[in-house]
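Please open the model in your viewer and keep the sequence beside it, so that each selection can be followed from one stop to the next.

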Amino acid sequence: MKAAVLHAVDTPLAIEDVQIDNPGPREVLIRTGASGVCHSDLHFVEGKYRMHMPAVLGHEAAGTVEAVGSQVSYVQPGDRVIMCLSVFCGHCENCLRGRPVLCDRIDVVRSRSDPPRLKQEDTPVTQMAELGSFAEQMLVHEHAVVKVDDDMPFEQLALIGCGVTTGLGAVLNTAKVEPGSTVAVIGCGGVGLNAIQGARLAGALRIIAIDAVETKLTLAQEFGATDVIDASGGGVVDKVKDLTGSGVDYSFEAIGLKETAEQSFEILARGGTATIIGMIPQGTKIELDGPSFLSERRIQGSSMGSNRFRIDMPRYIEFYRQGRLKLDELVTQRMSLEGVNQAFDDMKQGHVARTVLVFD
Ligand SMILES: [Zn+2]
Ligand SMILES: [Zn+2]
């Protein structure tokens, strides 16, 4: 099958043939329908996060089940599924506590003695997040998919696979924003826009969108922001204090930078909580004002929106059907697999919410 392969940091992905194995007992073979191009993919291309190469990137996807392993009963060929990188074992301590996002993930991957799921000649090929969706097919553990109704387009389903779940989940699951709260979201790309519409779903009274790109602030208002701050001129902390008096109850950082992570803490009111969604580069240290903790300010991480994706994703589809969740508006452009490098270039320019790769 055809896949976009990363061979070295900071080089374009190459569209090449990759051999995919047959499903093991608990694995599912998927025909990819659509895959979003997410900022986390770019982090690996740029080497801000490391992975073993060659590798097939991509982790925000939906598709159709083509074949299942001998022990799989949850799905069958023909089922439409969304993939999620939060593959869970179902029996470790975190899974049993209801936090599958923090699963130990011991027996949901193939062991080194098994043949690899993907290879080129004799070289094993890494699947990003055990998925690898910049490819015509994916071979994944059965606990990496959720079955959905077959009347939803792949594009919208794919977006739910990462950006939507990450942004909405950070607000609804990780921070648990209450109705009437004041919320700020720093960074209004694909994930930030979903944090904004998550805050709207949660009943936040004020939602302040912060970004340095004007078109993203306009989009943020369509997604539910009540106020916007153009960060290009600096002074973000003062501007938030001017708008709110004392700061915000909840802030969300959806970029992944030291400066904006520190800002997300500085704009909190007393008792406020900052949630870091962005992938801060490996090795980065964050500096916070010590006395701020005396006023019970908190800062926390959010992994994939603290999801329990087999519960969350079907609910998000229902929100969309009811017109309470925007998905169509997130798709800026569609491309074939060959467009993946262009999609990264456009992302670096900062003007697209999402590029979706579509497969026939
Ligand atoms: Zn992602
Ligand atoms: Zn587990």
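A residue is called buried here if 20 or more other C-beta atoms lie within 10 Å of its own, and exposed if 12 or fewer do. Keep in mind throughout that this is a predicted model.

**Stop one: a strand covered on both faces**

Select strand β7, residues 80-83, and show its side chains. In a regular strand the side chains alternate between the two faces of the sheet. In β7, R80 and I82 lie on one side while V81 and M83 lie on the other, and all of these residues are buried, which leaves both faces of the strand covered. Now add strand β6, residues 60-68, which pairs with β7 in the antiparallel sense over 3 bridges; in this pairing, G63 has V81 of β7 as its bridge partner. Then add strand β12, residues 145-148, which runs antiparallel to β7 and is joined to it by 4 bridges, with V145 of β12 as the bridge partner of M83.

**Stop two: the open sheet**

Next, select the four strands of an open sheet, whose order is β2-β1-β5-β10 and whose pairing is mixed. Which strands stand at the edges? They are β2 (14-17) and β10 (126-127), and because each has a single partner strand, one side of each is left without a neighbour in the sheet. Strand β5, residues 55-56, pairs with β10 in the parallel sense over 2 bridges, and you can find one residue pair of this kind by selecting A55 together with its bridge partner in β10, T126.

Step back along the chain to P54, which sits in the loop between α1 and β5. The peptide bond from M53 to P54 is cis, with omega near 0 degrees, and this deserves a look in the viewer, as most peptide bonds are trans.

**Stop three: the nonpolar core**

Select V56, M83 and V185, which are the residues with the most contacts inside the largest nonpolar core, a set of 111 residues. Helix α3, residues 154-175, gives the most to this core, with 12 residues. The core also draws at least three residues from each of domain 1 (2-151 + 327-358) and domain 2 (166-303). To see what surrounds one of its members, centre the view on V56: leaving aside residues up to four places away in sequence, V56 touches several others, among them A3, V18, L118, M128 and F134.

**Stop four: two domains**

Colour domain 1 (2-151 + 327-358) and domain 2 (166-303) separately, as these are the parts into which the protein is divided. Their C-alpha centres lie 29 Å apart, and the contact takes 13 residues from domain 1 and 11 residues from domain 2. On the side of domain 1 that touches domain 2, helix α1, residues 39-45, gives the most, with 3 residues. Sorted by class, that side of domain 1 has 5 nonpolar, 5 polar and 3 charged residues.

**Stop five: two helices in their surroundings**

Select helix α5, residues 214-222, where K216, L219 and A220 are buried. Why do they fall on the same side of α5? They cover an arc of only 105 degrees around the axis, which puts them on one side of the helix. Turn the view to the face directed away from this buried side, and you will meet the exposed residues E214 and E222. The buried residues of α5 pack against α4 (190-202), β14 (206-211) and β15 (227-230), and just after the helix, G224 takes a positive phi of about 125 degrees.

Then move to helix α7, residues 258-266, in which T260, A261, Q263, S264 and F265 are buried. The elements that cover these buried residues include β13 (182-186), α6 (236-244) and β16 (248-253).

**Stop six: two loop residues with positive phi**

Most residues other than glycine have a negative phi, and the last selections depart from that pattern. In the loop between β10 and β11 (137-141), select E130, whose phi is near 60 degrees, a positive value. Is E130 buried or exposed? E130 is buried, because 20 other C-beta atoms lie within 10 Å. Finish with S306, in the loop between β18 and α8 (309-321), where phi is positive at about 45 degrees although this residue is not a glycine. S306 is buried as well, with 25 other C-beta atoms within 10 Å.

Methods:
Residues are numbered from 1 along each chain as its sequence is written. Chains are lettered from A and ligands numbered from 1 in the order in which they are written. This is a predicted model: local features need pLDDT of at least 70, side-chain atom pairs count only at pLDDT 80 or more; totals for chains, interfaces and linings use all residues. The arc is that of the directions from the helix axis to the C-beta atoms. Two residues are in contact if their C-beta atoms, placed from the backbone, lie within 7 Å. Two strands pair if DSSP finds at least two bridges between them. A nonpolar core is a set of buried Ala, Val, Leu, Ile, Met, Phe, Trp, Tyr and Cys residues joined through C-beta atoms within 7 Å. Domain bounds come from an automatic or database domain assignment. Ala, Val, Leu, Ile, Met, Phe, Trp, Tyr, Cys and Pro count as nonpolar, Asp, Glu, Lys and Arg as charged, and the others, Gly among them, as polar.
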